[in-house]
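Colleague: I have a model open and would like to learn how to read its features. Can we go through them one at a time?

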Amino acid sequence: MTAPQPSPGEWAAAVSALRGLPPGARVLLACHVNPDGDALGSMLGFALGLRRFAPSLVVEATFPGPLTVPAPFDELPGVSMLVPAATVTPPAPTPDAMLVFDAASVERLGDLAGVLAAAPVGIVLDHHASNPGFGAVNLIDPSAAATSVVAEGLLGRLGVALDAEIAECLYVALATDTGSFKHASTTPAVHELAARLIATGIPVGDISRRLFDTRPHSAVRLFGVALARTALEPAGGLGLAWTYVTLADLAEFGQPAGAVEALIDSVRCVAEADVACVVKPVGPHEWSVSLRSKGAVDVSRVAVGLGGGGHRFAAGFSATGTVDDVIAAIRTALTESVVPADQG
């Protein structure tokens, strides 16, 4: 069955809303907490495009939590448009329009959810099938390999031509969410979009090296500790490989929380497991959980059941308690709640 895509009416409503903004209007762009490459790349690429579309607009971008952009995304064009979330939430004035990128649920926006609810124009761009559509206008395409595909679609409908800065942001988003074009979501359309982005002259080799092949020595040592902890268990016969990182680990190796975002890719390599999981620290007894599947299981079902979201191959949620508590909840969901994706 083909996944539902934004209707012509939804595209038209988004274009009309943005074209109708008066000169000097304030536009706030936001993505989910602990942003990844797709969230930041889609948001910043669109922010740059919006400035090209209407230079008089006041465009800012943000995400919940501390304004810390992890490497390698701190070198993205447009990163200077980022502002702390505290400066755009009440009592700050409500923006004239707000666009949200790559957030599977409104809870992923934290305090910024209230700003979206109050904004006269609220547009959600996403590709997670679990997204319920929490904007006034929802551009949600579960068939898209990344939210950047949706962002580029809206830029095109606004008549914004791609340049190297916009393209670099969108390419980073596309490359990270497809696992460097390795995941099953990599379709001919994905390569066609990548070709158009590359045609702007972006340094693909440098970008890919920065994204996938560069890591501080201390981070490599941290990965070694976490990978040595990797456990493998049946979890309903599906095979679950999981590990965790603690606040003490981050402190020992002098690494920020974002340094372990790529750890899930190494855990996913375990041959005997369909599902991979990494439990990452947010605060004392607070965790951000990444889930990946090779295809037999729709991990978004697990994540949604535990208060998060995502799509079939990649999902996540936030949790409290101990690592054992978190893994027990995942184990229960895999064993009792999840059926193979091709039966859903």
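Modeller: We will take the sheet, some loop residues, a pocket and the unusual backbone spots in turn. Keep in mind that this is a predicted model.

Colleague: Let us start with the sheet. What is the order of the strands in the open sheet of 6 strands?

Modeller: The general idea first. Strands of a sheet pair through backbone hydrogen bonds, either parallel or antiparallel. Here the order is β6-β7-β8-β9-β11-β10, and the pairing is mixed.

Colleague: Which strands stand at the edges?

Modeller: β6 (231-233) and β10 (309-310) do. Each has a single partner strand, so one side of each is left without a neighbour in the sheet.

Colleague: Take one pair inside that order. How many bridges join β8 to β9, and do they run parallel or antiparallel?

Modeller: There are 8 bridges between β8 (residues 275-283) and β9 (residues 286-293), and the two strands run antiparallel. For a register mark, use V278: this residue stands opposite S290 in β9.

Colleague: Now a loop residue. Where does N131 lie, and is N131 buried or exposed?

Modeller: Place the residue first, then check its accessibility. N131 is in the loop between β4 (121-126) and β5 (137-140). Its relative accessible area is 8%. Buried means under 20%, so N131 is buried.

Colleague: What does the side chain of N131 reach?

Modeller: The backbone oxygen of A103, at 2.9 Å. Then look at the surroundings. Leaving out residues up to four places away in sequence, N131 touches A103, A104, V124, D126 and I140. A103 therefore appears twice, as the polar partner and in the list of contacts.

Colleague: Another loop, then. Where does A54 lie?

Modeller: A54 sits in the loop between α2 (37-53) and β2 (58-62). A54 is buried too, with a relative accessible area of 15%. Along the chain, A54 and A25 are 29 residues apart, and their C-alpha atoms are separated by 9.9 Å.

Colleague: On to pockets. What is the volume of the second largest pocket?

Modeller: About 590 Å³. Read the lining next. Of its 25 residues, the closest to the centre are N34, P66, A257, G258 and V282.

Colleague: Which elements give two or more residues to that lining?

Modeller: β8, β9 and β11 (314-320). These strands also belong to the open sheet.

Colleague: How do the lining residues divide by chemical class?

Modeller: 15 are nonpolar, 7 polar and 3 charged.

Colleague: Now the backbone. Which peptide bonds are cis?

Modeller: Look at omega. The bond from A71 to P72 is cis, with omega near 10°. The bond from P90 to P91 is cis as well, with omega near 15°. Then place them: P72 is in the loop between β2 and β3 (97-101), and P91 lies in the loop between β2 and β3 too.

Colleague: What about phi? What value does D102 have?

Modeller: D102 has a positive phi of about 65°, although it is not a glycine. D102 is placed in the loop between β3 and α3 (112-118). At 2% relative accessibility, D102 counts as buried.

Colleague: And what is phi of F181?

Modeller: Near 65°, again a positive value in a residue other than glycine. F181 is found in the loop between α5 (164-177) and α6 (188-198).

Methods. Residues are numbered from 1 along each chain as its sequence is written. This is a predicted model: local features need pLDDT of at least 70, side-chain atom pairs count only at pLDDT 80 or more; totals for chains, interfaces and linings use all residues. Side-chain values use heavy atoms; hydrogens and water are left out. Two strands pair if DSSP finds at least two bridges between them. Helices (H or I, at least four residues) and strands (E, at least two) are DSSP runs, numbered from the N terminus. Buried means under 20% relative accessible area, exposed over 50%, partly exposed in between (1.4 Å probe, protein chains only). A polar contact is a pair of N or O atoms within 3.5 Å; within protein, one must be able to donate a hydrogen and the other to accept it, and residues adjacent in sequence count only if both atoms are side-chain atoms. Contact means heavy atoms within 4.5 Å. On a 1 Å grid over the protein atoms alone, a cavity is a set of points where a 1.4 Å probe fits but cannot get out, and a pocket is an open set with protein on both sides within 12 Å along at least five of seven lines; lining residues have an atom within 4 Å of a point. Grid points are joined across faces, edges and corners, and a volume is the space filled by probe spheres set on the points. Ala, Val, Leu, Ile, Met, Phe, Trp, Tyr, Cys and Pro count as nonpolar, Asp, Glu, Lys and Arg as charged, and the others, Gly among them, as polar.
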